[in-house]
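Visitor: I have a model open and would like to talk through a few of its features. Could you guide me?

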Amino acid sequence: MLSFLNALPGAMSQGLIWGIMAIGVYITYKILDIADLTVDGSFCTGGAVFVMLFSGGANVWAAMLAALLAGMLAGLVTGLLNTQCGIPAILAGILTQLGLYSVNMAVMDFKASVAINVTQADTLEKLLVSLRFVQGAIRGDFPLWRHPILVVGLFTAGLIALLYGFFGTELGCALRATGSNGSMARAQGIDTDFCKVLGLMISNGLVALSGALLCQYNGANEINVGRGAIVIGLAAVIIGQVLFSKLFHNFALKLLAVAIGAILYYIVIQAVLAVGLNPNYLKLLSALVVAVFLSLPYWKGKYFHAKVKTGGASHA
């Protein structure tokens, strides 16, 4: 129990970082109604671009912006494959994800892992988040405001505010209309192909930004860091939807629910690890968590809702 409590701040920090990725997944999965598998590649792309630029002396904000743009470029490729080449969205995402493996290796100078030298105080001070800040801020080695929960929490709140503002504009409403009813959106004169491409770009830009933050947090980026990212993103989306759909109706609150879902997911993972689960079974556990939460609405409708009574007296 003590080990779980000690690991809880780290689990919440990671959950917040992955929550940004989950918000990106929410945009494609819930708003555009597209199953986009690009995220498994674009997540690593964000980390790869960041680690190479930052290690080369670039400013942390410039490196994160470059990571965001690289992710948007990946989303652009998937969008064009879908809208201009007629390839189904799920296959377009798989193709882009497959190609990104080689791209990410090239960006990382064909190394499977590239680390940030966080042992140097000057380098560590330039980072926004780091695993070293988790316990260090509590012990007083670093200012309390540098704790990843506070930093990423504010970062997430800012992103939610920006997205809330964007999806309230005419263009943002066009994106939502495209996912809700593409035929009706086209009848209203909306360029649905453009909206799909733009939505995929925004989504994968956020995913890559999350990858850049996780790279900072871990102090390194690995070529397989994004493998299974879509499962974690879906888990966060579904957990947030199942637990908070009755409470959160505002769009901004729905995005917040996704971030909370990611935090809860990592808390559950940490709790299971604390009781001694072999870490090699984490992927299986993730798949089971997603399957259970995806099944809950079906089970609820089939087994827990009162059956409609039939029969009774008929009246002319």
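Guide: What follows covers a pocket, one residue and one helix pair. Please note that this is a predicted model.

Visitor: Pocket first, then. What volume does the largest pocket have?

Guide: The volume of the largest pocket is about 680 Å³. It is lined by 28 residues, and those closest to its centre are Gln-14, Trp-18, Ile-232, Tyr-266 and Leu-282.

Visitor: Which elements each supply at least two residues of that lining?

Guide: They are helices H1 (2-31), H6 (131-139), H10 (192-218), H11 (229-244), H12 (251-274) and H13 (282-304), together with strand S2 (220-222).

Visitor: And how do the lining residues divide into nonpolar, polar and charged?

Guide: The lining holds 17 nonpolar, 8 polar and 3 charged residues.

Visitor: Changing topic: where is Ser-203? Is Ser-203 buried or exposed?

Guide: Ser-203 lies in helix H10. Ser-203 counts as buried because its relative accessibility is 0%, and the cut-off for buried is under 20%.

Visitor: What does Ser-203 touch, not counting residues up to four places away in sequence?

Guide: On that basis, Ser-203 touches Gly-24, Val-25, Ile-27 and Thr-28.

Visitor: Now the helix pair. At what angle do H7 and H12 pack?

Guide: Helix H7 (residues 148-166) packs with H12 at about 145°, and their axes are 9 Å apart. The crossing is right-handed.

Visitor: Which residues meet there?

Guide: From H7, Thr-156, Ile-160, Leu-163 and Tyr-164 meet Phe-251, Ala-252, Leu-255, Leu-256 and Ala-259 of H12. By class, this contact has 8 nonpolar residues, 1 polar residue and no charged ones.

Notes:
Residues numbered from 1 in each chain as written. Predicted model: local features only at pLDDT ≥ 70, side-chain atom pairs only at ≥ 80, totals over all residues. Heavy atoms only, no water. 1 Å grid on protein atoms, 1.4 Å probe; cavity = no way out; pocket = protein on both sides within 12 Å on 5 of 7 lines; lining within 4 Å. Points joined across faces, edges and corners; volume = space filled by probe spheres on them. Helix = DSSP H or I, 4+ residues; strand = E, 2+ residues; numbered from the N terminus. Nonpolar A, V, L, I, M, F, W, Y, C, P; charged D, E, K, R; others polar. Buried < 20%, exposed > 50% of the residue type's maximum accessible area, 1.4 Å probe, protein only. Contact = heavy atoms within 4.5 Å. Axes fitted to C-alpha atoms, helices over the stretch in contact; angles between N-to-C directions. Left-handed = near helix turned anticlockwise from the far one by under 90°.
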